[in-house]
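Me: I would like a close look at a single part of this structure, followed by an account of how the rest of the chain is arranged around that topic. Please take it slowly and keep to what the model shows.

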Amino acid sequence: MFPWAQGVKITSNWGENMKRVYVNEKWCLGCRLCEYYCAFADTGEKDMARALKDIKINPRIKIEEKDGISFAVNCRHCREPLCVKGCITGGLSVIDGVVSIDKEKCVSCYTCVLCCPFGAVSPSESGAVQKCELCVNEGAHPACVKGCPNAAIVYEDRTEAKM
Amino acid sequence: MKIYPEYEIMRNYDKCINCRACENQCANEAHEFLADANKLVCDDTKCVNCHRCSALCPTRAIKIVKSGNTYKENTNWSNKTLNEIYKQAESGGVLLSGMGNPENFPVYFDKILLNASQVTNPSIDPLREPMESKIHLGARPKKAERGADGKIKNNLTPQLSLSMPVMFSAMSYGSISYNAHESLARASAELGILYNTGEGGLHEDFYKYGENTIVQVASGRFGVHKTYLNSGAAIEIKMGQGAKPGIGGHLPGTKIVGDISATRMIPEGTDAISPAPHHDIYSIEDLRQLIYSLKEVTDYTKPVIVKIAAVHNVAAIASGIARSGADIIAIDGFRGGTGAAPTRIRDNVGIPIELALACVDQRLRDEGIRNNVSVVVGGSIRSSSDVVKAVALGADCCYIGSGALAALGCHLCRTCHHGKCNWGIATQIPELTKRLNPELGHKRLVNLMNAWKHEITEMMGGMGINSIESLKGNRLMLRGVGLNEKELGILGIKHAGE
Ligand code: SF4
Ligand code: SF4
Ligand code: SF4
């Protein structure tokens, strides 16, 4: 367990969905296509050019880059998520193992933004927070993973190996 | 004199979303983002038409098109010819190119058609009936011998067993990247076939794939030592290469970095220039000495392959090799690829592999020595039907190089010699080599070969043949279209309709 999560108790159903987006930074090219596919997935549009033309994207996965090393960072869907613990309205909860947002409940206090050790929660244009919800509504694979040309992010169930 | 670029980058600004993937993926820096104008612009003169940007552009906003800017039409003095003159008049240097001969010479495979069974001889359904695609390479025993106990003696010389009649041809570590080598090695192991180290030695990480490795010995002897020779399943002596018959390998010093210099056993930054001939081989007898030195050092446990380029006298040369103690002859046609070759040699030297194969197979049969050796052919085997046609013309197995690289992402831009391959293949720049993730690369190679295997068995089934051995040299299964008497005679096939 991460030291900063010591003592945090959240009884949640980590549920059926044990698949997570994992990072292989060795293969990350820093092309940022994941960011664009993520932003596109959020729009619900059919055509990417139409959806993202003349827009400054605000994706839920972000590339961190320094000294020639780059990798994608998005929500880890922690077992005991600090953001959920910090949320004052119940706007964040764990549903089937996915840390999910209820935009109706979010009052934009941004406690979660400050709590998340990965910087994976951020304000969205609507005011409510946004974060990666693993494209649970989009189908089998998260859009970022599908869009990565080099398998630098993969969608896998590693629970066996980890625990 | 400025030469107008041959290809132009067309960006559809209605589709471009300024993601800048094109900009960060083009190692030739052909794209540039102008922050003040908030748009991407490009410099066509830097583009080598590798299609990295257009393949990755998420909105398909980019296409690379042939420039319509042309000199006055002239069949004799084409744009290309004139541009080459302008280039040489400027540089005073030899023109260099990568990959295989792209010129408009006949592709005989495309003028040969396969047979299929109808009514009187039933075809076979490979999905329902057993189909053998396995092959063995090596000399065949001249006769069955019995031991004192009356039982058949095992008098087989060392053989290679492959799950299908295809291997990955020699591409050196150095000319291609570590990740490309890893992809080839892992795919070969998974498929039960072999890949070839090329002339740059073998990285120690890959010794574990030894059973699926052919280790090459070329005129430069780079990276050759006893452990290396013993680490593979077979040893190949490279006498020649289809892309540049008559000259040796060239690897520019810029590619001799880090592990490559260690593997080749030469200092970093030195050009690795292999001599044109092997300086100890001036006759078949000399070749025999090297073959037996290599057999000696490996305790007669590994077959020795001799690879030659397809040249005018190929049949006579092959006949000599078949008597020299070699177990396998590899012939590389004039369309074979390379990391770097003088353009004039690549485009003008050598002969088509189809003709070379047919005449070698015939010559060895006529002389009763066909079973001394197996014959492997390369030099532009592009598909499973090329494999089937090559086997029917008499080959035991095919080498594929360019096709394998294409599976790894190569778009045949033919600028391998620049060392800045945007697909992470023909480069040693770390930011570029990481673009080829062997986890994906090896799977793509496995997919390609499995697909070919299905197609090969389907074509065989259609001909009523259930084993690749029965297809070998079965030229009655072939017919030519649009070929003249001479060509048909050399290929040893009839014209369609005959
Ligand atoms: S990759 Fe395509 S969408 Fe992205 S900046 Fe380049 S042209 Fe525009
Ligand atoms: S060199 Fe390749 S990546 Fe660069 S602009 Fe040309 S096609 Fe695109
Ligand atoms: S290996 Fe790379 S540089 Fe060479 S032709 Fe293919 S894409 Fe171009």
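Reply: What follows looks at one helix of chain B and then turns to the domains, the ligands and the chain contact.

The model is a predicted one, and the part chosen here is helix 4 of chain B, which runs over residues 178-191. Helix 4 of chain B has 14 residues and reaches 20 Å from its first C-alpha to its last, close to the 20 Å expected at 1.5 Å a residue. The helix is mostly covered, since 12 of its 14 residues are buried. The buried stretch takes in B:Tyr178, B:Asn179, B:Ala180, B:His181, B:Glu182, B:Ser183, B:Leu184, B:Ala185, B:Arg186, B:Ala187 and B:Ser188, and B:Leu191 is buried as well. An α-helix has 3.6 residues a turn, so residues three or four places apart point the same way.

As for what covers helix 4 of chain B, its buried residues pack against three strands of the chain, namely strand 9 (166-168), strand 10 (195-196) and strand 11 (213-217). They also pack against helix 12 (402-407), helix 13 (430-433) and helix 14 (438-462) of chain B. Just after helix 4 of chain B, B:Gly192 takes a positive phi of about 75°.

Turning to the wider chain, the domain assignment of chain B gives domain 1 (7-93) and domain 2 (135-495). The centres of these two domains, taken over C-alpha atoms, are separated by 35 Å. Their contact takes nine residues from domain 1 of chain B and seven residues from domain 2 of chain B, and the side belonging to domain 1 divides into four nonpolar, four polar and one charged.

The ligands come next. Ligand 1 is surrounded by 14 residues, with B:Cys16, B:Cys19, B:Cys22, B:Cys57 and B:Ala61 the closest, and its shell divides into 10 nonpolar, two polar and two charged residues. Around ligand 2 there are 15 residues, of which B:Cys26, B:Ala30, B:Cys47, B:Cys50 and B:Cys53 come nearest, and this shell has eight nonpolar, six polar and one charged residues.

Lastly, the contact between the chains takes 15 residues from chain B and 17 residues from chain A. On the side of chain B that touches chain A, helix 1 (21-25) and helix 14 each supply at least two residues, and helix 14 of chain B is also one of the elements against which the buried residues of helix 4 pack. The largest share of that side, three residues, comes from helix 1 of chain B, and the side divides into six nonpolar, four polar and five charged residues.

Note on methods
Residues numbered from 1 in each chain as written. Chains lettered and ligands numbered in written order. Predicted model: local features only at pLDDT ≥ 70, side-chain atom pairs only at ≥ 80, totals over all residues. Helix = DSSP H or I, 4+ residues; strand = E, 2+ residues; numbered from the N terminus. Expected span 1.5 Å × (residues − 1). Buried ≥ 20, exposed ≤ 12 C-beta atoms within 10 Å, placed from the backbone. Contact = placed C-beta atoms within 7 Å. Near = placed C-beta within 6 Å. Nonpolar A, V, L, I, M, F, W, Y, C, P; charged D, E, K, R; others polar. Domains from an automatic or database assignment.
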